[in-house]
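Good morning. I will go through one structure today and keep to what can be read from it. Please have the sequence and the 3D view open.

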Amino acid sequence: MSVIRKNTLYSLGVKTNGDLRSRGNKPFNPARYSRFKYGDSRVSLEFAREIATLLVADPTVKRRLLSGKAVITSSAYKVVPTAAHSVAAALYTLLLRQGYPVQHAFIYRSNLSEGDYAKKSLEERQQLMANNGLILKEEDFADHHVIVIDDIRITGSHERAVESLFSTIAVKSLHFLYAVEMKPVDALADPTIEDRINHYWMKSPKQLLSLMKRPAFVLNARTCKYILALPAPELTVLLAGLDDSRLAELHAGIKGDEYHKMDCYRASYRVLLKEVSERKMSTYAPAAVLAAA
């Protein structure tokens, strides 16, 4: 691997009173970022446009994009993508339309964890990254310039895991690109600052439901976990507010990532199955599945 580069759209720090502060000339909108983290694809497209502008403004990177040997990827997932994937997918489409012959490939993870990654400590993050089982198709990345899109850099645990993965593959270069990066000293002092940013706008199930009803909503892993972590009364109200198509998508995603097998989500999954059963959504043979849950 010849070069490892890192860029970010927005650099953040923390004031002495705990509030966020932008480092540099670009003001950061935490409400917009929060909507993005919970599936607002309109923000994903905005980030993709900003990243595309940043990439093509660099002559070296622009040559790589034109070489036919550049591949766009994002942070790893199992079945339901991360929010970063929606940025990577939009970036891929934008660059193709602008005449850059880039490719799009994927990094998967075989192991998923319970709970919210953004609330975990540095030690917990490092442990998760050591055991998350990153997987890719080597032929999709070998002899290519790899551009990894991620939403935020806090402790760098995910970045180090991805870098280690690519150290065994003959890629031409590795370029990490983040929407947001926290000042290292502030991030290490309190990694859970990420959770505050994620929920700057997203304060309640009611807000999430309003977002999920919009055409621009894209289901991601964070949203699945948030829904499964709701108290039963709030979960019931949210599920009742979804149309059949969105409910089917949610059910399929949760099953695909096997959250229904995790002890902390098992009770919530039964609530979801009950809603599916009551709507007689035969696609899932819900009565039989409910009996076996």
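In which strand is the place of H175? H175 sits in strand β8. Before going on, I should say that this is a predicted model.

Is H175 buried or exposed? Its relative accessibility is 4%, and buried means under 20%, so H175 counts as buried. In sequence, H175 and I147 are 28 residues apart. In space, their C-alpha atoms are 4.7 Å apart.

That brings us to the strands. β8 covers residues 173-182, and β7 covers 145-153. β7 and β8 run parallel and are joined by eight bridges. One position to find on your screen is V148, which stands opposite F176 in β8. V148 also has a partner in another strand: it is the bridge partner of T73. Strand β3, residues 70-74, runs parallel to β7, and five bridges join the two. As for side chains, in a regular strand they alternate between the two faces of the sheet.

How many of the residues of β7 are buried? The count is nine of nine, so β7 is largely enclosed by the rest of the structure.

Next, the cavities. The structure holds three of 30 Å³ or more. The largest has about 50 Å³ of space in it. Which residues line the largest cavity? They are V61, R64, A70, H145, V146, I147, S173 and H175. You will recognise H175 and I147 from a moment ago. By type, the lining has four nonpolar residues, three polar ones and one charged one. By element, α3, which is residues 59-66, supplies at least two of the lining residues, and so do β7 and β8. β7 gives the most, with three residues.

Now a helix. α7 runs from residue 157 to residue 166. Seven of its ten residues are buried, so α7 is also largely enclosed by the rest of the structure. The buried ones are S157, H158, E159, A161, V162, L165 and F166.

For contrast, look at a loop. T192 is found between α8, residues 184-189, and α9, residues 193-198. Why is T192 called partly exposed? Its relative accessibility is 28%, and the partly exposed class lies between 20% and 50%, so T192 falls in that class. T192 and I154 are 38 residues apart in sequence, while their C-alpha atoms are 8.9 Å apart in space.

Last, the aromatic rings. A search of the whole structure finds twelve aromatic pairs. One of them is F106 with Y108, a tilted pair with 6.1 Å between the centres and 35° between the planes. Those two values are quoted because a pair of aromatic rings is described by the distance of the centres and the angle of the planes. Both rings belong to partly exposed residues: F106 has a relative accessibility of 26%, and Y108 has a relative accessible area of 33%.

Which residues do ring pairs link into a cluster? Y10, F28, Y33, F36 and F47. Y10 has a further neighbour, since K26 lies over the face of its ring, at 4.4 Å from the ring centre.

To sum up, find H175 in β8 once more, then β7 with nine of nine residues buried, and then the largest cavity, to which β7 gives three lining residues.

Key:
Residues numbered from 1 in each chain as written. Predicted model: local features only at pLDDT ≥ 70, side-chain atom pairs only at ≥ 80, totals over all residues. Heavy atoms only, no water. 1 Å grid on protein atoms, 1.4 Å probe; cavity = no way out; pocket = protein on both sides within 12 Å on 5 of 7 lines; lining within 4 Å. Points joined across faces, edges and corners; volume = space filled by probe spheres on them. Helix = DSSP H or I, 4+ residues; strand = E, 2+ residues; numbered from the N terminus. Nonpolar A, V, L, I, M, F, W, Y, C, P; charged D, E, K, R; others polar. Phe/Tyr/Trp six-rings, centres within 6.5 Å; stacked < 30°, edge-to-face > 60°. Buried < 20%, exposed > 50% of the residue type's maximum accessible area, 1.4 Å probe, protein only. Lys NZ or Arg CZ within 6 Å of the ring centre and 35° of its normal. Pairing = 2+ DSSP bridges.
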